[in-house]
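Thank you all for coming; I would like to walk you slowly through one structure this morning. Please take a moment to look at the sequence and the model before I begin.

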Amino acid sequence: MSTTPALRALFQEWIDDAAVFPPGNAPPPRAWSEHVEMLAGSEGDLLGPLLIGASAVEELGRAVLVHGAPDQVSPVEVAVVGRAGTSVEDVAGAVRSLQDHVLLSVTGAEVTHGEGDWRRLVDLGLRTAVEVPRQGRHLARALDDLGAGVAEEVGGSTAPAALAKWRIQATPAAPAPDAQQLADFLLATHERGLAFKLTGGLHRAVAPGPSADEPHGALNILVATHQLLRGGTAAELVATLESQDGEELAAVLTGLTTPQVEELRGRFVSFGCCGVLDPIGDLADLGLIVTT
């Protein structure tokens, strides 16, 4: 299988580096060093920003000063993450504390819905991912709020689109969502015209099966999103999300045109992963990308 520019573009800046978050739990200095090393390598264009918790920005700032970064990857994009219990105000303050670093470009922020007015982060010009509840009426209300906010105009121009952020790993309160729950989320965002990113529990390109601790695959979700944009049904989405046939999934993606790639990535923007080389290795094994 040969790769094309359109196919490579499908995966560029797709995998946000969540090395500092569980289960990786890398200290910020190590996460920084490994991130800039990967940025300078053949897989660098596949990486999104380095994600850093709002409470760890000072430690990251010190690591940047000590370790630096190669000229060819500077400034390095970072996104500040406020997990549950962290207010929008605290995230905004953490963003401001990093904005004076010459080697950094703070391009994104993430916050849990209900922790304040997420529009404040959008007003800062940041790609803002708002984590929404897993399911039910609380999910619908949060998505409605995001949909209304994205349609608003701020300062006379259309506001940068906020993303719906959805967790696909098991939590102390609930097991990992199944394919039907994931399909319902995709349909709900599609109905509101919302882009999304995923977080937690997405380390493989192809779904390992429903009995796995992390049952979903990034490629499965990408293909399901493509189907949704083409009018796919809920049943079709579920079947694709449960597929363990990597070759079949890859074959769908190799036929995409440049406009289709742009449309698809405009909807499925990125996913956070604490071990970014895992999905990258899977993509290479399937012949979808070339690494050296």
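Let me begin with two rings: Phe268 and Phe271 are both buried, where buried means under 20% relative accessible area, exposed over 50%, and partly exposed in between, with a 1.4 Å probe and protein chains only. I should say at once that this is a predicted model, in which local features need pLDDT of at least 70, side-chain atom pairs count only at pLDDT 80 or more, and totals for chains, interfaces and linings use all residues. Residues are numbered from 1 along each chain as its sequence is written, and side-chain values use heavy atoms, with hydrogens and water left out.

Searching the whole structure gives seven aromatic pairs; rings of Phe, Tyr and Trp (its six-membered ring) pair if their centres lie within 6.5 Å, and planes under 30 degrees apart count as stacked, over 60 as edge-to-face and the rest as tilted. In one of these pairs, Trp14 meets Phe271 edge-to-face, at 4.9 Å centre to centre and with 85° between the planes. Trp14 sits in the loop between helix H1 (5–11) and strand E1 (15–17), while Phe271 belongs to strand E10, so this pair ties together parts that are 257 residues apart in sequence. Helices (H or I, at least four residues) and strands (E, at least two) are here DSSP runs, numbered from the N terminus. Trp14 is buried, with a relative accessible area of 1%, and for Phe271 the relative accessible area is 1%. Phe268 and Phe271 form a tilted pair, 6.5 Å centre to centre with 45° between the planes. Ring pairs join Phe268 and Phe271 into a cluster with Phe11, Trp14, Trp166, Phe185 and Phe196.

Let me turn to helix H3, residues 57–67, whose buried residues are Val57, Leu60, Gly61, Ala63 and Val64. Why do these residues line one face of the helix? Seen down the axis of H3, they fall within an arc of 160°, so they line one face, the arc being that of the directions from the helix axis to the C-beta atoms. The face turned away from that buried side carries the exposed residues Glu58, Arg62, Leu65 and Val66. The buried residues of H3 pack against helix H2 (28–39), strand E2 (47–53), strand E3 (76–81), helix H4 (88–98) and strand E4 (104–112), contact meaning heavy atoms within 4.5 Å. Just after H3, Gly68 takes a positive phi of about 65°.
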